[in-house]
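Colleague: I am new to this structure and would like to learn how to read it. Could you walk me through a few features?

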Amino acid sequence: MIHAKRWTLKKHFVGNPTSSDFELKTAELPPLKNREVLLEALFLTGDPYMRVAAKRLKEGDTMMGQQVARFVESKNAALPTGTIVLAPSGWTAHSISDGKDLEKLPTEWPDTVPLSLALGTVSMTGLTAYFGLLDICGVKGGETVMVNAAAGAVGSVLGQITKFKGCKVVGAVGSDKKTAYLKKLGSDVVFNYKTKSSPDGYNCYFDNFSNTVISQMKKFARIAICGAISTYNVYISTYNTCNPSPTPEIVIYQELHIEGFIVTCWPGDAHQKALKDLRKWVSQGKIQYQEYIIEGFENMPAAFMGMLERDNLGKTIVKA
Ligand SMILES: NC(=O)c1ccc[n+]([C@@H]2O[C@H](COP(=O)([O-])OP(=O)(O)OC[C@H]3O[C@@H](n4cnc5c(N)ncnc54)[C@H](OP(=O)(O)O)[C@@H]3O)[C@@H](O)[C@H]2O)c1
């Protein structure tokens, strides 16, 4: 019998989440039924979208999210014990699945690539950078791309793809430690937006949290609105709560193209091709990965809150 731990939303967040908003619960799991598998979490993730998605939970519900998990018991011949999968099991240490929502890691997953990357660089956050830059911004060689939260999970991948696509990348970050990291990764210009203002002249702007450089765009520039993390902890959360709206004059006279997007809008073959590209670029060393790893399932809330407090370099991962 497994005593399964899970983190639940005890109270809806008001402003920044606090430890008392979460509760760790333990329950005995029932024996597996025919076709079911028992999952054990190996790696979990703390993502900005969870701050927003938690509003849709009821108090007492398990926190949502994907995990890299291993089957520790199986009553399904097609899913043998030991198989590693990506599972939407939320903040659970052990869970039971009928196998339907699970995604097996590809057999060609390179030994040299950590499994945790299946939650970040070679998964949702890498895909966000990939599609946002290549499809939404439609970046062309020689252009200048600006990205904020540039040392984060999405931003750090985006900057590196920008570079090897023959473009110049300008990264905005919130600390000098993040500035140093991005310089090491080869960003052309990095600045701490808390102490310096942005240079001018962008063809593309990949926006993770505000629109403050909108007046610095070139004519016909493209802006991919990826996220709005600076508003997520604001009580009445709407885009631009913390930042002034782009003035219509600038958008009109600079003939800017602004588009919001969600990473799940590229399913099927496009999704598989992008994953293959990301896996290849990581194996070839074209994309360096950085993870902000917190040890221990009991530290899930701390990892999530740390990311929202801007502690992270790269993808926030909990090693269960
Ligand atoms: N559209 C999509 O499909 C999609 C998919 C994935 C992620 N996203 C969005 O992309 C953005 C980046 O996500 P990520 O996973 O890569 O996160 P992340 O960048 O790894 O972590 C969050 C970073 O955001 C920055 N930040 C700026 N203002 C903040 C604030 N008020 N509170 C907290 N952090 C703030 C911080 O970096 P600095 O210290 O450098 O400011 C922080 O480290 C988020 O807005 C997320 O919602 C969108």
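**Helices, ligand and backbone**

Modeller: Let us begin with a pair of helices: H2 and H7 are roughly perpendicular to each other, a label for angles of 65 to 115 degrees. This is a predicted model, where local features need pLDDT of at least 70 and side-chain atom pairs count only at pLDDT 80 or more, while totals for chains, interfaces and linings use all residues. Residues are numbered from 1 along each chain as its sequence is written, and side-chain values use heavy atoms, leaving out hydrogens and water.

Colleague: How is the packing of two helices described?

Modeller: Two packed helices are described by the angle and the distance between their axes. Here the axes of H2 and helix H7 (residues 268-283) come within 10 Å and cross at roughly 105°. Axes are lines fitted to C-alpha atoms, for helices over the stretch in contact, with angles from 0 to 180 degrees between N-to-C directions. Helices are DSSP runs (H or I, at least four residues), as are strands (E, at least two), numbered from the N terminus.

Colleague: Which residues of H2 make the contact with H7?

Modeller: Gly126, Leu127, Tyr130 and Phe131 of H2 do, where contact means heavy atoms within 4.5 Å. Their partners in H7 include Ala270, His271 and Trp281.

Colleague: At what angle do H2 and H3 cross?

Modeller: The axes of H2 (residues 124-136) and H3 (residues 153-164) cross at roughly 45° and come within 8 Å. That makes H2 oblique to H3, the term for angles that are neither under 35 degrees, over 145, nor 65 to 115.

Colleague: Which residues surround the ligand most closely?

Modeller: The closest are Val154, Lys178, Tyr193, Tyr232 and Asn312, among 28 surrounding residues, each with a heavy atom within 4 Å. A polar backbone atom of valine 154 is 2.8 Å from an oxygen atom of the ligand. For asparagine 208, a polar backbone atom is 2.9 Å from a ligand oxygen. A nitrogen atom of the ligand lies 2.8 Å from a backbone N or O atom of phenylalanine 261.

Colleague: What sign does phi have in most residues other than glycine?

Modeller: Most have a negative phi. Phenylalanine 220, in strand S12 (residues 217-225), has a positive phi near 65°. Arginine 310 also has a positive value, near 75°, and lies in the loop between helix H8 (300-308) and strand S15 (315-319).

Notes
A polar contact is a pair of N or O atoms within 3.5 Å; within protein, one must be able to donate a hydrogen and the other to accept it, and residues adjacent in sequence count only if both atoms are side-chain atoms.
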